[in-house]
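The following paragraphs are meant to be read alongside the sequence and the coordinates. They proceed from the cysteines to confidence, then to sheets, cores and one selected residue.

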Amino acid sequence: MVALGSGIKSSTTAARHYKISNDVLILILRYLDPTSLWRACKAFKRVHSLVMEYSPLHYAFELALAGMRDGPASHVYRPAVGRLQLLSAYRIDWPSLVWGHEHKMLLAPHTRSGVSSGFLHQIRVHNGHHSLDLAELPSCRTSRSPALTRHLKFRTPEIENVALDRTQALIVTSHVLSLQNGIGVVLYFRDLWTFEKHPKAYGGTYDFNVGPVPISGISITIAGHNMSISFEFSSGKIMHLVLNWRNFQAGWLEDNDIQFISENRLLVVRRNRGLPYLSLYNISNISSVVVERDYELPEAWARSTIGFSPNTSPLIDEPSPSEAMFYPDPSKRVILVVVKTPSPNGGASARNWLIVNESFFRPTSRKDRLRVSWNEWGQSCLIRDAHSAILGPYVNGSRIVFAENAPRHSSSRAPVMSRLNVIEFSPFPDSNCVQSHAWSMVGPRCVLVPNEGSRELPPKTADGRQIEDIRLTEDNVVLFLSNHDDSRPVNILTFGVPPPPGRSHSHHDGPTHH
């Protein structure tokens, strides 16, 4: 018995002194996904020290902190060291609103313009001829530095709206025309690079009638094989056509607002007996939409105008760009619902932003869980108060950007001072997060921790003009400024651009915090 006990004690002592070599430990750690690697670093000092010294592991660690995924671009041509340097620049520059490059453009008079899937598009009309100009936005993640961006120009029939999907090389354009029996709409499906009919589209065009009421606004969103065309009519009515552009299966929705959270699922703002809801729709079969789940909204919002601020980052089931070194993790996307509640005294409307992680919305097999009360799911949400002077919000992934224009007095010749603001939701926030006092509700179960930054635009960036509109991508903030004579100035602020040798982004005017 004594000998057996001694043997056990001896083997146990030997096990305590056994140590895995660094080479073997590195091989083990390389099997971990970024989130698991981050957790291992928090638990073991030795792992953390080793990860910081070995570039491929350090890169994976930074992916977790930034809420990014490794992209499909070959590591042979884009090794971990270069990816790590670029990713670190993104992770530092965005929360501080320190961009590395500005590109100013003047849009021609009477052009329709916008941003979609990494391109700034302009619809031009000259001597009765229509053309579509596409200017690629810079992205160092995809090896498209400001000097390497592409510019495309196509002749086109008369169109008013454009939507692109770079990963599918798809351009969808629309034209509204007056018919004897009402208002008609025609959609064109074209290849991004040739402008010929897209080879996978069921047809080159799709036309339909929307009735006799004039259209005041159209927006197009593409999500894989499906897409939505949302109409706002002069009567105030809103309708949405959901269309599979691969087989032309289509159906109409009359809900207040819709947003894709995957190719076959929509999150919808709707009302039932006067009360507002967010509902999860399954559109796998567009002709027979299934309501999978309802989420009650506060009764106090029964008279409110409720809609989504579109999230422009890739969906959970969308492929990433083939040339991307890294890209935002789709599982970290946030949903932002804008609520405008009229004042009972006839004053300015109250504005609130409801923010929640998009992955919260999922179907259930339990019949007693098909409707979720606000008292329950509101515990996982944030609500931020927003004043009426705010321009935005604009959402990309887990990042929110908005602007504020200082009021300009008619007697003053001083330039307009505009302020850019950002809210970041890091997957692993630290104690240095800065938060304003505008958060009126923080749910006890909410996993989102906001980190806010603010920066006054340098005079040369806005040229003393007010910001009229903004578009947000993974790499850029596009500022549409007030008119310059007949032209419209645009300034493209690009993040993640390496500074010239001997210079640092820190030389720019620094950010301020709330």
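A disulfide is taken here as a pair of cysteine sulfur atoms within 2.5 Å. In this predicted model, a search of the whole structure yields 0 disulfides. C381 is accordingly in no disulfide, and the nearest cysteine sulfur, that of C446, lies 7.0 Å away. C381 has 0% relative accessibility and therefore counts as buried. For C433, the closest cysteine sulfur is also in C446, but because the separation is 12 Å, it is too far for a bond.

Confidence should be considered before any further detail. The protein chain has a mean pLDDT of 89, and 91% of its residues reach 70 or more. Two stretches call for caution. Over residues 1-12 pLDDT stays under 50, and the model has 0 contacts for them beyond four places in sequence. Over residues 506-511 pLDDT also stays under 50, although the model has 10 contacts of that kind for this stretch. Where pLDDT is low, the predicted coordinates should not be read in detail.

Attention may now turn to an open sheet. Its 4 strands follow the order β3-β4-β5-β6, with antiparallel pairing. The edges are occupied by β3 (112-116) and β6 (151-156); each has a single partner strand, so one side of each is left without a neighbour in the sheet. On average, and with direction ignored, neighbouring strands of this sheet are turned by 20° against each other. Within the sheet, β4 (residues 119-126) and β5 (residues 129-136) run antiparallel and are joined by 8 bridges. V125 stands opposite H130 in β5.

Which residues of the largest nonpolar core touch the most other members? They are F326, L420, I467, I470, V477 and L479, in a core of 32 residues. The elements that give two or more residues to this core are α5 (55-66), α6 (80-96), β25 (390-396), β26 (399-405), β27 (418-425), β30 (467-472) and β31 (476-481). Of these, α6 gives the most, with 6 residues. I470 illustrates the packing: beyond residues up to four places away in sequence, I470 touches L391, Y394, A403, L420, V477, V478, L479 and F480. A second, separate core comprises 23 residues, including V172, I183, M227 and L243. In soluble globular proteins, nonpolar side chains tend to be buried together.

Three of the strands that contribute to the largest core can be followed through their pairing. β25 and β26 run antiparallel and are joined by 5 bridges. They form a hairpin with 2 residues between them, and G397 in the turn has a positive phi of about 65°. V395 has I400 in β26 as its bridge partner, and I400 in turn has I423 in β27 as a bridge partner. The antiparallel strands β26 and β27 are joined by 7 bridges. Since 6 of the 7 residues of β26 are buried, this strand is largely enclosed by the rest of the structure.

Finally, Y277 offers a view of strand β17 (residues 275-282), where it is placed. Is Y277 buried or exposed? With 5% relative accessibility, Y277 counts as buried. Leaving aside neighbours within four places in sequence, Y277 is in contact with V268, V269, R270, N272, D294, Y295, E296, L297 and R371. Between Y277 and A302 the C-alpha to C-alpha distance is 9.6 Å, with the two 25 residues apart in sequence.

Terms used: Residues numbered from 1 in each chain as written. Predicted model: local features only at pLDDT ≥ 70, side-chain atom pairs only at ≥ 80, totals over all residues. Heavy atoms only, no water. pLDDT = per-residue confidence, 0-100. Contact = heavy atoms within 4.5 Å. Buried < 20%, exposed > 50% of the residue type's maximum accessible area, 1.4 Å probe, protein only. Pairing = 2+ DSSP bridges. Axes fitted to C-alpha atoms, helices over the stretch in contact; angles between N-to-C directions. Core = buried A, V, L, I, M, F, W, Y, C linked by side-chain atoms within 4.5 Å.
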